[in-house]
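Q: Please take a close look at a single part of this model, namely the packing and any spaces beside it. A connected account for a structural biologist would be welcome.

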Amino acid sequence: MRAELRRRGAHPKVLVYCTQETLAENAFHASLEAAKSVFDRLRLLTGQQLDGARLVDAVLMPGAAGAPRVAINTGVTATERDEQKGFASLIKGLSSMYRNPAAHDPRLNRPVGDEELLELLTTLSMVHRRLDAAQ
């Protein structure tokens with residue numbers, strides 16, 4: 001698992017949140033903790049204390065000033081505005097798939113295999129890299 005994460009270029013901020021669970025071969029809890037990393041990062045970037053979709057909307061969607069608090073691009077073109085909205089939707093979708101169910105359903109009812117965990121950590125790494133370059 002470690003070699004494959006290294007090969008895929010897993011973002012260090014993702015690994016900070018789920019290394020212990022990954023080493024314990026607990027993919028269920030590793031996916032939950034890794035999904036939380038994005039929300040924690042958004043709170044650290046902005047000082048917002050919201051969570052979930054409310055946090056994503058408050059930080060990544062255009063506000064009253066017409067610009068998001070955290071922008072992944074200039075937002076000048078319609079394509080860039082769509083990309084920003086898609087980024088917000090992706091984060092909300094990952095939360096709906098991995099964080100919310102894991103927080104409410106028993107582990108026995110939510111199997112997460114190694115391949116799925118690798119795919120999730122790779123996707124979350126892409127999200128963190130976009131946040132690295134965000135304004």
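A: A pocket is an open set of points on a 1 Å grid with protein on both sides within 12 Å along at least five of seven lines, and its lining residues have an atom within 4 Å of a point. The model under discussion is predicted. Its largest pocket holds about 160 Å³ of space. Arg2, Leu5, Arg6, Gly9, Ala10, Leu15, Thr19, Thr22 and Leu23 form the lining of this pocket. At least two lining residues come from helix 1 (2-8), and at least two from helix 2 (12-23). Helix 2 makes the greatest contribution, four residues. By class, the lining comprises four nonpolar, three polar and two charged residues.

Helix 2 leads on from the pocket to helix 6, since Thr22 lines the pocket and also belongs to the contact between these two helices. Two packed helices are described by the angle between their axes and the distance between the axes. For helix 2 and helix 6, the angle is about 160 degrees and the axes lie 9 Å apart. The angle is over 145 degrees, and the two helices are therefore roughly antiparallel. Helix 2 enters the contact through Lys13, Val14, Cys18 and Thr22, while helix 6 contributes Leu117, Leu121, Leu124, Ser125 and His128. This contact has five nonpolar, three polar and one charged residues.

Helix 6 (residues 114-132) also packs against helix 3 (residues 27-46), at an angle of about 10 degrees and with the axes 9 Å apart. Because that angle is under 35 degrees, helix 3 and helix 6 are roughly parallel to each other. From helix 3, the contact draws on Ala27, Ala30, Ser31, Ala34, Ala35, Ser37, Val38, Arg41, Leu42 and Leu45; from helix 6, it draws on Asp114, Leu117, Leu120, Leu121, Leu124, Val127, His128, Leu131 and Asp132. The classes are 13 nonpolar, three polar and three charged residues. Leu117, Leu121, Leu124 and His128 of helix 6 thus appear here as well as in the contact with helix 2.

Some of these residues also border an enclosed space. Across the whole structure, one cavity of 30 Å³ or more is found, and the largest cavity holds about 40 Å³. Ala35, Val38, Phe39, Ile91, Leu94, Ser95 and Leu124 line this cavity. Helix 3 and helix 5 (78-104) each provide at least two residues of the lining. The lining has six nonpolar residues, one polar residue and no charged residue. Ala35, Val38 and Leu124 take part both in this lining and in the contact of helix 3 with helix 6.

As for helix 3 itself, its 20 residues should span 28 Å at 1.5 Å a residue, and the end C-alpha atoms are 30 Å apart, so the two values agree. Just beyond helix 3, Gly47 adopts a positive phi of about 80 degrees.

Notes:
Residues numbered from 1 in each chain as written. Predicted model: local features only at pLDDT ≥ 70, side-chain atom pairs only at ≥ 80, totals over all residues. Heavy atoms only, no water. Axes fitted to C-alpha atoms, helices over the stretch in contact; angles between N-to-C directions. Parallel < 35°, antiparallel > 145°, perpendicular 65-115°, else oblique. Contact = heavy atoms within 4.5 Å. Nonpolar A, V, L, I, M, F, W, Y, C, P; charged D, E, K, R; others polar. 1 Å grid on protein atoms, 1.4 Å probe; cavity = no way out; pocket = protein on both sides within 12 Å on 5 of 7 lines; lining within 4 Å. Points joined across faces, edges and corners; volume = space filled by probe spheres on them. Expected span 1.5 Å × (residues − 1).
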